[in-house]
Structure formats: structure tokens, C-alpha cells
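Student: I would like to learn how to read a structure that I have not met before. Could we go through it slowly, one feature at a time?

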Amino acid sequence: MKEMAGVPAPGKAEDKMPTTSKRAIKTWELRLYVAGQTAKSLQAFANLKRICEEHLSGEYRIEIVDLLQNPQLAAGDQILALPTLVRKLPEPVRKIIGDLSNTERVLVGLDLQPRQLGRES
Amino acid sequence: MRSPKPETKTKTTKIISGGLPKCLTGIHGLDEITLGGLPRGRPTLVCGGAGCGKTLLGMEFLVRGATEFDEPGVCLSFEETADELASNVASLGFDLPDLIKRKKLAIDHIYLERSLIEETGEYDLEALFVRLGHAVDSIGAKRVLLDSVEALFAGLENQAVLRAELRRLFRWLKDRNLTTIVTGERGQNTLTRHGLEEYLSDCVILLDHRVTETVLTRRMRVVKYRGSTHGMNEYPFLIESDGISVLPVTSSDLKYGVSNDRISTGVPALDTMFGGDGYFRGSSILVSGTSGTGKTSLTAHFVNAACARGEKCAFFSFEESADQIMRNMRSIGIDLKRWVDKGLLYFHSVRPTTFGLEMHLVKIHKIIKEFGPSIVVVDPVTGLLHAGTTFETRSILLRLIDFLKGKQITAVMTTLTSGSNVQEQTEVDMSSLVDAWLLLRDIESGGERNRGIYILKARGVAHSNQIREFLLTRHGIELREIYLGEAGMLTGSARVTQEAKDASAALLSRQEIERKQLLLERKRKALDAQIAALQLDLETEEQESRQLIAQEKLKVANWEQDREAMATSRYASKGPHEGNGRSTSAREGRR
């Protein structure tokens with residue numbers, strides 16, 4: 001398991017109450033599941049990094065799980081599609097699959113942006 | 001031109017011996033209809049509606065593989081968790097947690113909640129492969145169950161990706177040489193709702209369950225099996241306490257061995273009607289008749305005789321309880337209880353409507369396998385009609401008879417013919433299936449109802465063609481000659497009366513003869529007396545005549561003497577010894 005924290009995390013989040021307000025959250029815990037260094041996984045990681053930098057202003061931690069090395073970890077988070085981004089904290093757990101190239105939908109998936117009525121194709 | 005049947009046979013053997021490797025499932029009957037199991041190293045699609053037993057079939061495939069063939073299995077469950085699966089199949093005696101502990105089985109529950117998943121760009125299902133690959137590697141699995149992969153269609157938005165990935169998955173399974181069962185829900189007009197059959201074309205098995213008159217019957221059909229022949233029909237199957245049992249019809253073979261051994265019917269007079277020796281061992285005997293003609297009693301005799309010889313009998317009763325049969329048979333002097341106590345007789349009494357036909361057949365199979373009888377009684381087979389249609393019943397009976405014949409078990413089946421029916425026709429039209437057919441019938445005459453018995457057919461036996469009257473006495477069944485006379489066929493009291501009449505007539509004529517003989521004697525005596533009297537008369541007359549003759553002779557002699565004396569006295573003659581003597585004799589001769 002590799003740890004790739006974009007910015008050193010300022011301590012653990014005390015408030016574990018599920019909330020959608022990003023201001024109440026100290027740290028975002030994100031986990032990206034990939035299988036090897038594929039084009040899709042590299043793309044996903046790059047996209048994730050960019051989005052986090054832009055929208056989470058450093059209050060996040062990304063953990064990358066390579067299932068080729070640790071296949072037994074896939075069952076825990078019910079991973080099926082790759083790459084999959086799991087938002088461990090704040091709760092509830094959310095999953096975003098794909099290479100995260102659609103920023104808007106990533107933001108919706110992370111609950112950083114309200115879900116739009118009509119999804120773009 | 002060869003007939004099609006042997007051709008299929010040779011083809012089958014060729015394939016089994018030659019090409020396609022198969023994987024025994026261990027499921028009763030399934031390996032028979034697929035002629036050796038599922039295609040090894042390939043995926044098989046098992047489809048059917050809800051509740052038809054897809055998951056169970058798949059789980060049994062894995063469990064049998066793990067326990068009987070040393071082939072560990074992986075279950076990717078998309079619907080149920082491992083715990084749920086374990087408790088679901090626990091009732092079949094499958095201990096999943098134990099198998100998991102012994103590394104014979106791995107269950108991975110895959111769950112997708114669409115509402116919690118956002119799709120953002122390109123992805124694949126590599127994690128599915130990773131998970132499956134990990135599970136397979138961890139226990140060295142040879143078998144895989146995907147149950148049911150179609151759940152993914154509800155969990156993922158991008159169907160194009162999903163389809164491509166499924167295609168890749170099935171390819172992957174083949175490459176890893178994993179024998180796989182993929183389950184799929186039956187669609188409207190397709191085998192599966194999402195067209196999985198498009199990707200899985202090696203072997204497709206369709207499960208189905210139907211309710212006919214409140215009785216459920218499960219059926220299985222091998223829709224296709226690439227590179228192999230297989231049973232084409234719909235085969236009924238059961239989910240029983242020890243798993244699935246498919247019941248293939250084995251009748252197409254007709255290869256059972258036969259015995260020349262004969263066994264007594266239990267009624268000596270009936271043995272005589274069967275050429276003196278009774279039934280053939282291993283044959284099927286049908287006893288038909290309207291109600292109350294003594295069918296059960298007749299079979300009880302057979303059972304009694306068999307048990308007395310030390311043979312085991314299984315009695316399947318669909319109308320009466322064991323106790324009732326035993327009580328009733330005691331009234332005709334047959335004690336079946338002692339055979340039950342000795343363990344030679346086993347009663348299985350159950351209402352036919354308790355469960356479906358297949359269940360009955362499986363129960364019978366099971367009991368026969370466990371108890372190992374040489375004689376089986378089904379009383380009555382028509383009872384099974386209540387559990388299914390005539391067609392199904394007939395097919396079940398056919399399979400039952402074949403099964404029994406294959407095991408060299410003598411089977412006696414009774415059938416009830418209703419009064420309105422043609423007597424020589426059974427309700428399930430099974431006459432052609434049996435080897436011997438005894439017909440019991442009522443003969444109504446003179447205001448009473450009597451029982452008659454005759455042998456309608458007996459394959460390979462020179463049998464009597466006579467109708468006999470049969471009586472149920474305190475000492476069992478007795479067969480009587482039926483009275484055939486000028487007044488037609490007489491039975492019961494009429495026969496007794498007629499017999500009495502005959503007896504008195506015979507007595508009368510005997511007396512008449514005696515009288516006549518006496519008369520003759522007397523006449524003879526009278527005539528004898530007459531003859532004696534006449535003889536006496538004759539003798540008297542003779543005597544008298546002789547006396548007269550003597551007197552006359554004397555007279556003549558005297559007269560001659562006198563004349564001579566007179567001549568002498570007159571000196572007319574010379575002397576008594578010269579000349580005159582001749583003339584005298586000459587005169588005498590003239591007289």
C-alpha cells in the first residue's frame with residue numbers, strides 16, 4: 001500500500017458526523033484503487049490530484065491501492081471496476097469509477113457540488 | 001440405411017472416448033443426461049426463472065466438486081452474501097463454512113450499489129478479474145460459479161464496457177481452464193434477460209418449474225451442448241434433502257438382463273394357472289380390477305410367500321396405512337406384522353397428493369436403494385394419478401418399471417379400474433409396460449356379486465386361459481372352478497346350487513342304475529328257475545319215455561316168446577335154433 005499524501009495531513013479528523021458540508025471536515029480520506037501502472041490509472045491519479053488541489057485546498061489524503069499487489073483488498077471496499085476512487089471520509093462512503101476525466105461528475109461524486117438534474121452525456 | 005438410434009449411440013461413444021473432456025458434476029442424473037458432465041474448462045450457462053434452483057445447482061456443483069472430485073471451487077456471488085448462501089444450502093447438508101475453512105471453497109460476495117457510484121470516464125472491470133483470480137489462486141480452484149453475473153447490469157451504467165468485460169471474463173475463464181457455471185435469469189423471449197447466451201454458447205441448461213393442478217414439478221433441459229450429444233428432453237428434477245436429483249429416462253436402452261427363475265404367487269392354484277411355477281423373477285406384474293375385487297389381498301399373498309422365503313419386500317401404499325393393511329390381511333389369515341418385525345417387509349404409506357410425482361419416484365428410488373428389496377409392491381399405481389397428469393404418470397411408471405427391471409426386482413402393481421371403464425384397459429394405459437397382467441373382476445349374477453380372476457397376459461409363460469372364481473376365506477384366497485353349463489357361467493351361490501343339483505342328479509342316476517341291476521338279477525334268477533323246472537320236466541318225460549320203451553320192448557320179447565312157445569307147442573317148427581330163427585329175425589327187422 002502506497003501512501004501519497006499531497007500535503008501532510010494536519011492530524012486526524014475528530015468530527016466523524018456524516019455531513020456534506022466540506023467546511024466542517026478537517027481531512028478528506030480518499031483511496032484510489034488501481035491495477036498496475038496502466039494508462040487509465042495514471043490518468044485517474046493525475047485527475048484526482050488536480051481536482052483535490054483545486055477543491056480541497058490541501059485538506060486531503062490519497063491512498064493508492066494496487067490490486068495487483070494486494071488483490072485481497074478489493075473485497076473490502078467492494079471494488080469491481082478500475083480505477084475506483086473511494087471517499088472513506090467524510091462518511092458516507094462514496095465511490096467514483098473511471099479515470100476521473102469528467103471533473104464535474106467527480107465533484108458530484110465527492111459531494112463537492114450538488115447533483116445536477118440533467119446529466120451531460 | 002441405418003436407423004437413427006444406433007447412429008447416435010456410436011457418435012456418443014466416439015465423443016466420450018475421443019474429444020471433448022467433461023467434468024462430472026456429481027449431481028444425481030445430470031451427468032447421465034449430459035453423458036458425462038459439463039464441458040471441462042468452459043463456462044456453462046444455467047438459466048431459468050426465479051426460484052427454479054439455479055444457485056442451488058451451481059452450489060451443488062461446487063460442493064460436489066470439492067467433496068467428491070477434489071476440485072475446489074470459487075463462488076462469485078452477486079446476489080447473496082457468503083453467510084446467506086451458507087444458511088441457504090445448510091438444509092441440503094452442505095457445510096460451506098467447513099469447506100471454506102478447509103480451503104476447498106471460496107465465496108466472494110460482489111455487491112454494487114448504483115446510487116453510491118458515480119461513473120466518471122473510462123474504466124474496466126479489472127478488479128473483478130483480480131478478485132476472481134485471487135480467489136482461484138488461493139485455493140487452487142478448478143470450478144467457478146458466477147451467480148448471477150447479470151446483477152452487474154443493474155449496477156453499472158456503461159453497458160458497452162460491461163458487455164466487453166463479460167466477454168473478456170468468459171474468455172479468461174476458458175484460458176484458465178476453469179469449469180464454470182454462470183447463472184442467468186430467464187428473459188421474456190430470450191434465455192437470459194441480458195442475452196448472456198450470446199457469450200456462453202458451449203453449454204446451456206435451462207431450468208424450469210411449473211405448477212400443474214397445485215403440484216409443482218421442476219424440469220431441466222440441456223438446450224445446447226457444443227461438441228457433444230446429450231439428452232434432449234425435459235427431465236424432471238427434485239431438490240431434496242441431499243441436493244438435486246435429475247431423473248433421466250433410462251428406458252431407451254431396454255438392456256436389462258432377465259431371469260428364468262420363477263417365484264410363487266403365494267396362491268398355489270394361481271401358480272398352476274401360471275404353468276405351475278408362478279411369476280418370472282424380475283418381471284412386472286399388473287393386477288387390475290374394480291374396487292373391492294381383492295387386489296391388495298392378492299398382493300399380500302405374494303408378499304407373504306416372498307417373506308416366508310426370506311426375501312425382502314417393499315410395500316408402497318397410496319391408499320391405506322400400514323396398520324390398516326396388516327389388520328385387513330389378518331382377516332384373511334395373513335400375518336404381515338411378523339415380517340415387518342423381522343425386517344423383511346417395509347411399508348411406505350403416503351397420500352399421493354403429498355407431493356409431486358417426481359418426489360414419489362425419488363422416494364421410491366431411495367427406499368429401494370436403502371432397503372434393497374427383491375420384491376416391490378405399488379398399491380395402487382393409479383393413486384399416483386392424483387399427483388400428476390396421465391401422461392406424467394405414465395412416464396413415471398415407465399421409469400419406475402425400468403428402474404426395477406434394471407435391478408431385477410419383481411414388481412407387483414395394482415391398478416384400479418373404474419366400473420364404467422373398459423375392463424381390459426388400465427387408466428394409465430400401462431398394459432404394454434408390464435409382463436404379466438392379472439385381471440380381477442366382478443361377476444354379477446343371481447343377485448350377488450362374486451369375484452373372478454383370469455390371466456390376461458403373461459409374457460413367456462404358458463398360462464391358463466380359464467376364468468376362475470376366487471374366494472376370500474379365513475385362510476386366504478382360494479380359487480374355484482367356475483361352473484360352465486347350459487345355463488352359462490355360474491358363480492357363487494348359483495354355482496353352489498348348481499353343484500348341489502348336479503350332485504343329486506348324479507345320486508339319482510346312481511340309484512337308478514342300482515335298481516336296474518337288481519331288477520336284472522331278479523329276472524335272471526326267475527329265468528334260471530324256469531330253466532330248472534323245464535329241465536326237470538324234460539328229465540321226467542325222458543324217464544317216462546324210456547320206461548315205456550322198455551315196456552314195449554319187453555312186450556315184444558314176450559310176444560315172440562309166446563309165439564315160439566306156441567309154435568313149439570303146435571310142433572310147427574323143427575327146433576328153436578334151426579331155420580326158423582332166421583326167419584324170425586327177418587320178420588323182426590321188417591317191423
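Student: How many residues does each chain, A and B, bring to the contact?

Tutor: Please keep in mind that this is a predicted model. The contact takes 29 residues from chain A and 21 residues from chain B. On the chain A side, the elements that give two or more residues are α2 (73-76), β5 (94-97) and α3 (103-109) of chain A, and by class this side has 17 nonpolar, 7 polar and 5 charged residues.

Student: Which strand of chain B pairs with β5(A), and in which sense?

Tutor: The partner is strand β6 (residues 117-119) of chain B, and the two strands pair in the parallel sense over 3 bridges. To find the place by eye, look for A:I96, which stands opposite B:E118 in β6(B).

Student: What is the order of helices and strands along chain A?

Tutor: From the N terminus on, the elements of chain A run β-β-α-β-α-β-β-α, which comes to 3 helices and 5 strands. Of the 121 residues in chain A, 36% are buried, and if we take the contacts in chain A with a separation of 6 or more, 70% of them are between residues 24 or more positions apart.

Student: How many residues are in the largest nonpolar core, and which of them have the most contacts inside it?

Tutor: The general idea is that, in soluble globular proteins, nonpolar side chains tend to be buried together. Here the largest nonpolar core has 166 residues, and those with the most contacts inside it are B:A127, B:V303 and B:C313. This core draws at least three residues from each of domain 1 (21-116 + 124-246) and domain 2 (262-481) of chain B. If we set aside the neighbours of B:C313 within four places in sequence, the residues in contact with B:C313 include B:V303, B:L344, B:P373 and B:V377.

Student: In the sheet with the order β5-β4-β7-β8-β3-β9-β10-β11-β12 (chain B), how many strands are there, and is the sheet open or closed?

Tutor: There are 9 strands, and they form an open sheet whose pairing is mixed. Because β5 (105-109) and β12 (243-246) of chain B stand at the edges with a single partner strand each, one side of each is left without a neighbour in the sheet. The twist averages 20° from one strand to the next. Within this order, strand β10 (residues 215-225) and strand β11 (residues 234-240) of chain B pair in the antiparallel sense over 4 bridges, and the bridge partner of B:R221 in β11(B) is B:E234.

Student: Which strands are at the edges of the sheet with the order β17-β16-β18-β19-β15-β20-β21-β22-β23 (chain B)?

Tutor: The edge strands are β17 (345-349) and β23 (476-481) of chain B, each of which pairs on one side only. The twist in this sheet averages 25° from one strand to the next. Helix α13 (residues 357-371) of chain B packs on the sheet, where it touches β16 (313-317), β17 and β18 (375-379) of chain B, and its direction makes about 160° with that of β16(B).

Student: How many residues lie between β20(B) and β21(B) in their hairpin?

Tutor: The hairpin has 2 residues between the strands, and B:G446 in the turn has a positive phi of about 55°. The two strands run antiparallel and are joined by 10 bridges. One can follow the bridges across neighbouring strands, since B:L440 in β20(B) is the bridge partner of B:G289, while the partner of B:L440 in β21(B) is B:I453, and the partner of B:I453 in β22(B) is B:R468.

Key. Residues are numbered from 1 along each chain as its sequence is written. Chains are lettered from A and ligands numbered from 1 in the order in which they are written. This is a predicted model: local features need pLDDT of at least 70, side-chain atom pairs count only at pLDDT 80 or more; totals for chains, interfaces and linings use all residues. Two residues are in contact if their C-beta atoms, placed from the backbone, lie within 7 Å. Ala, Val, Leu, Ile, Met, Phe, Trp, Tyr, Cys and Pro count as nonpolar, Asp, Glu, Lys and Arg as charged, and the others, Gly among them, as polar. Two strands pair if DSSP finds at least two bridges between them. A nonpolar core is a set of buried Ala, Val, Leu, Ile, Met, Phe, Trp, Tyr and Cys residues joined through C-beta atoms within 7 Å. A residue is buried if 20 or more other C-beta atoms lie within 10 Å of its own, exposed if 12 or fewer, and partly exposed in between; C-beta atoms are placed from the backbone. Domain bounds come from an automatic or database domain assignment. Axes are lines fitted to C-alpha atoms, for helices over the stretch in contact, and angles run from 0 to 180 degrees between N-to-C directions.
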